[in-house]
Amino acid sequence: MGFFNYYKLGTFSALCLIFFGITSQLQQVLFVTDTRAETKATMFIDQITNNDNYLDEMDSLNKQKVDMDDPRLIRLIRNYWIENPSDQPYNLKQPHVMDPSIGQAAFVDNRLNFKLQFKKSFNVGKIVQNQNLTGNNIVDVQCFPLYSILKALSVTHVDFFSLDVEGNELQVLETIPFDKLYIDIMTVEIAHVPGGQTPVKTFVENKGYSSLIKMSHFRGLANDIIFRKN
């Protein structure tokens with residue numbers, strides 16, 4: 001399937017997907033020791049930004065409907081769309097809270113046998129919405145499949161992946177080439193998926209995963225299934 005076909009789904013993968021994860025393979029990425037008191041980013045990538053026509057080049061790739069692992073696409077994402085982690089101090093509203101999840105992190109910690117760390121991460125852009133606006137306000141943005149972004153970071157192995165995109169979880173999962181990207185454990189929200197948990201469980205389990213647990217919260221703050229690679 002071509003890159004263009006992932007355009008709408010890419011909105012969620014590029015801008016809404018949150019993987020707290022500690023990726024265990026980051027080739028050509030520099031790791032730096034990090035604590036809450038330090039300002040250095042935990043990792044960064046080298047970027048070459050000497051092409052003033054990169055937007056025109058991306059527009060051409062969109063029109064060609066290139067594959068999501070096309071080298072030209074990956075190069076543009078790496079150099080022009082990924083932002084390295086901030087080197088500014090943390091600005092946390094509740095710095096004393098070590099686990100902001102509703103139990104998912106503790107459950108995953110136990111299965112992965114290490115403590116998940118929520119560190120500064122790469123950024124692929126964000127949409128800021130004016131809550132006072134009314135009517136149908138549509139903004140076109142350049143989007144990418146999750147796999148394209150990870151490939152631009154040279155990542156092929158993710159320890160923990162959390163997917164919550166308000167009902168489009170199955171469509172996003174269908175774009176992931178699980179034969180090329182190894183994910184140990186993932187949690188997927190199912191609250192808004194058409195058809196409920198059944199189509200998500202069926203798809204993910206057919207990709208070689210087992211359903212470990214369904215987690216929910218009485219206020220609706222969590223309604224996830226946690227899967228683990230067999």
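These legends go with close-up views of a predicted model.

**View 1. The largest nonpolar core.** This core has 44 residues, and L173, M186 and V200 are the ones with the most contacts inside it. Lots of elements chip in: helix 2 (54–64), helix 3 (71–81), helix 5 (146–152), helix 6 (169–173) and helix 7 (197–206) each supply at least two residues, and so do strand 3 (157–163), strand 4 (182–189) and strand 6 (223–229). Which helix gives the largest share of this core? That's helix 3, with six residues.

**View 2. Around V200, and a second core.** Let's zoom in on V200, one of the residues with the most contacts inside the largest core. If you skip its neighbours within four places in sequence, V200 is in contact with L170, L173, V188, I190, V193 and F227. Apart from the largest core lies another one, made of seven residues, including F107, V108, F160 and I226.

**View 3. Helix 2 against helix 3.** Two packed helices are described by the angle between their axes and the distance between the axes. Here, helix 2 and helix 3 pack at an angle of about 145°, and their axes are 11 Å apart. The crossing of helix 2 past helix 3 is left-handed. On the helix 2 side, look for Y54, L55, E57, M58, L61 and Q64; on the helix 3 side, look for R72, L73, R75, L76, Y80 and W81. Sorted by class, this contact has eight nonpolar residues, one polar and three charged.

**View 4. Y54 and Y80, a stacked pair.** The whole structure has five aromatic pairs. In this one, the ring centres of Y54 and Y80 are 4.2 Å apart and the planes sit at just 5°; stacked means under 30 degrees, so this pair makes the cut. Y54 belongs to helix 2 and Y80 to helix 3, so the pair ties together parts that are 26 residues apart in sequence. Are the two partners buried or exposed? Y54 counts as partly exposed, at 25% relative accessibility, while Y80 is buried, with a relative accessible area of 18%.

**View 5. Y54 again, now with W81.** The ring centres of Y54 and W81 are 5.6 Å apart, with the planes at 80°, so this pair is edge-to-face. This pair also links distant parts of the chain, with Y54 in helix 2 and W81 in helix 3, 27 residues apart. W81 has 16% relative accessibility, so it counts as buried. Step back a little and you'll see a cluster: ring pairs link Y54, Y80, W81 and F144.

Technical notes
Residues numbered from 1 in each chain as written. Predicted model: local features only at pLDDT ≥ 70, side-chain atom pairs only at ≥ 80, totals over all residues. Heavy atoms only, no water. Core = buried A, V, L, I, M, F, W, Y, C linked by side-chain atoms within 4.5 Å. Buried < 20%, exposed > 50% of the residue type's maximum accessible area, 1.4 Å probe, protein only. Helix = DSSP H or I, 4+ residues; strand = E, 2+ residues; numbered from the N terminus. Contact = heavy atoms within 4.5 Å. Phe/Tyr/Trp six-rings, centres within 6.5 Å; stacked < 30°, edge-to-face > 60°. Axes fitted to C-alpha atoms, helices over the stretch in contact; angles between N-to-C directions. Left-handed = near helix turned anticlockwise from the far one by under 90°. Nonpolar A, V, L, I, M, F, W, Y, C, P; charged D, E, K, R; others polar.
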